[in-house]
Amino acid sequence: MGDKIRHKKELIDMSLKIIRENLPGSLESFLKMGLKKDGIYKQLEFALQNVLDICNEINSTLELGIVVGYEDIVGNLHKAKIIDDSLKEKLEFLIQLREVLIYNYDLIQDEIAFKNMPEYLAMIEDFLAFTQRFLEGQKWLES
């Protein structure tokens, strides 16, 4: 489990780095980015997918319960007290954000996304901090 999670964590770190390096300082510049703006959204989507893959890996390895969707995975992690209320809420939001990025891309409002991007990245960083703590506390599960 640990190696898979560490690999996904590295992928998330790379995506966040790409987003930060390419996100301009102004909304005006962001709106003019064209395909590069789409690339930022794609990196965000990729990071979110890896966040959810880590959650799924923890849920599966610890056999926390059957799942139908990502909400079930987050619910199982919360019920097992692996994640707290705050992280649960953030993950539920990130699930919704991922759904918009994948299935309702045309509904994205660039102005809102640009304004909230630091918050999105901070939520992912919070998850990465949790992941690190989880890995450090679960060394006995290494496979």
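This passage describes salt bridges and two loop residues with positive phi in a predicted model.

In the predicted model, 10 salt bridges are found in total. One of these is formed by the side chains of Asp-110 and Lys-37, with a nitrogen-to-oxygen distance of 2.6 Å. Asp-110 belongs to helix 6, which spans residues 110-137, while Lys-37 belongs to helix 3, which spans residues 35-61, so that the contact ties together parts lying 73 residues apart in sequence. With regard to solvent, both Asp-110 and Lys-37 are buried, a term that here denotes a relative accessible area under 20%.

Helix 6 also takes part in a second contact between distant parts of the chain, in which the side chains of Asp-126 and Lys-90 meet in a salt bridge with an N to O distance of 2.4 Å. Here Asp-126 is located in helix 6 and Lys-90 in helix 5, the latter covering residues 85-103, and the two residues are 36 apart. Whereas Asp-110 and Lys-37 are buried, Asp-126 is partly exposed, its relative accessible area being 35%, and Lys-90 is likewise partly exposed, with a value of 24%.

A further salt bridge is found within helix 3, where the side chains of Lys-42 and Glu-45 come together at 3.2 Å, again taken from N to O. Because these two residues of helix 3 are 3 positions apart, about one helical turn separates Lys-42 from Glu-45. The acidic partner, Glu-45, has a relative accessible area of 17% and is therefore classed as buried, given that the cut-off for this class is under 20%.

Apart from the salt bridges, two residues in loops are notable for their backbone angles. Glu-63, which is placed in the loop connecting helix 3 with helix 4 (70-79), has a phi near 50°, a positive value in a residue that is not glycine. The relative accessible area of Glu-63 is 70%, and this residue is accordingly exposed. Lys-81 is found in the loop between helix 4 and helix 5, and its phi is also positive, at about 60°, although Lys-81 is not a glycine. For Lys-81 the relative accessible area is 73%, which places this residue in the exposed class, as the class requires a value over 50%.

Conventions. Residues are numbered from 1 along each chain as its sequence is written. This is a predicted model: local features need pLDDT of at least 70, side-chain atom pairs count only at pLDDT 80 or more; totals for chains, interfaces and linings use all residues. Side-chain values use heavy atoms; hydrogens and water are left out. A salt bridge is a side-chain nitrogen of Lys or Arg within 4 Å of a carboxyl oxygen of Asp or Glu. Helices (H or I, at least four residues) and strands (E, at least two) are DSSP runs, numbered from the N terminus. Buried means under 20% relative accessible area, exposed over 50%, partly exposed in between (1.4 Å probe, protein chains only).
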